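Student: I would like to take a close look at a single part of this protein and see how it fits into its surroundings. Could you go through it with me slowly?

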Amino acid sequence: MKAIRVSEYGGPAVLKIQEVPTPEPGSNQVLVRNHGVGVNPVDTYLRSNTDNRGPKLPYTPGSDAAGVVEAVGQGVTAVKAGDRVYFGGSISGAYAELSLCDVAHVHALPGNVSFAQGAAVNVPYATAYHALFNRGHGEAGETVLVHGASGGVGIGAVQLARARGMTVIGTAGTDRGRRLVMEQGAHHVVDHTAPGYLDEVMRLTGGRGVDVVLEMLANVNLQKDLGIIAMRGRIVVIGNRGMVEVNARLAMNKDAAILGMALFHCSPGQLAGIHAALVEGLGNGTLRPVVGQELPLAQASRSHEAVMEAGHHGKIVLVP
Ligand code: NAP
């Protein structure tokens, strides 16, 4: 089968398409034929070995894809050959024609959801869910600011929060992004490139502030978030790309919490709960992943450039 391989850490050019042996499923493993592969920012951090977190070389990147079960190993009863599935986590890597997965990471893909959309589920939606509900304890009737609502995680968060009965304010940096955020269910949208845009958030909440902030770029926004948080508000740091200085007194004054999160730290029980909720939401149409761009698997290096460019809107998906 064809797969993308990384044999040295570095820029997008280290992603090379190669012929590799097709894996065989062992006990409690599933082999999936991929029809769409999700490209996430984290795939670029691992490729360039940011924070020394790169996988052992050589490796096939990617954790997210959707397709059809090709074969199952001993003891697998949850899925069978021919089933439509998406997965979150792969033993052999997702940037490939076929991927070997632990059965616990393979989930049913409802018939109303395309394979490209299925590839956009795992990291973005599971992150949004964990940040919003498990870490941020967002509740119906509360207000959430999705700070960076036009990307993969942001769109998931807008749909999840709206379905839960929260008031949703999103931000985006382009007209197209702001239209997209409204179409996905936000009640209000503001421009995170406009001077004083958070004054508008205070106005929209009658001066009270927001109960939850889901923060995609904490190094730019954390100090500003502390200025628009309501009493007992929660700021969940999902994305961060540098250093930031904050006045901690603002957190003190509001009994506010700043909470970090990484999807990687979810327990197996939390992941099972998250995916049960996501499969249900996909099936009933409240969750509708937005695919921004589809590229052939061979253009993986281009996909890594695209995922780090501003204003790409929606998910970048590789098609094997
Ligand atoms: P993405 O699809 O590339 O989206 C990036 C988002 O950030 C866009 O909505 C973009 O808006 C927005 N943005 C740009 N400038 C901003 C600013 N000044 N203030 C607020 N938002 C701004 O990425 P993603 O997949 O949604 O991931 C978002 C971040 O979360 C990334 O840094 C990623 O590494 C991180 N992440 C963390 C976890 C975790 O477990 N902690 C999991 C998944 C992702 P415009 O393009 O409209 O300007």
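Student: Leaving aside its neighbours within four places in sequence, which residues is Val146 in contact with?

Tutor: In this predicted model, once the neighbours within four places in sequence are left aside, Val146 is in contact with Gly154, Ala157, Val158, Val168, Ile169, Gly170, Thr171, Leu214 and Met216. Val146 is also one of the residues with the most contacts inside the largest nonpolar core, a group of 41 residues, and Leu132, Val144, Leu160, Leu214, Ile238 and Leu278 are named alongside it. As a general background, nonpolar side chains tend to be buried together in soluble globular proteins. Several elements build this core, for α3, β8 (143-147), α4, β9 (167-172), α5 (175-183), β11 (210-215) and α9 (268-283) each supply at least two of its residues, and the largest share, 8 residues, comes from α3. A second, separate core of 27 residues includes Val32, Val37, Val69 and Leu295.

Two of the helices that help to build the largest core, α3 and α4, also take part in the shell around the ligand, where α1 (41-47), α3 (122-135) and α4 (152-164) each supply at least two residues. That shell has 13 nonpolar, 12 polar and 1 charged residues. Among the polar pairs there, an oxygen atom of the ligand is 2.5 Å from an N or O atom in the side chain of Tyr45, while a nitrogen atom of the ligand is 2.8 Å from an N or O atom in the side chain of Asn221. The ligand taken alone exposes 920 Å², and the protein buries 85% of that.

Key. Residues numbered from 1 in each chain as written. Predicted model: local features only at pLDDT ≥ 70, side-chain atom pairs only at ≥ 80, totals over all residues. Heavy atoms only, no water. Polar contact = N/O pair within 3.5 Å; in protein donor to acceptor, adjacent residues only side chain to side chain. Areas by Shrake-Rupley, 256 points an atom, 1.4 Å probe, with all protein chains shown as cover. Helix = DSSP H or I, 4+ residues; strand = E, 2+ residues; numbered from the N terminus. Nonpolar A, V, L, I, M, F, W, Y, C, P; charged D, E, K, R; others polar. Core = buried A, V, L, I, M, F, W, Y, C linked by side-chain atoms within 4.5 Å. Buried < 20%, exposed > 50% of the residue type's maximum accessible area, 1.4 Å probe, protein only. Contact = heavy atoms within 4.5 Å.
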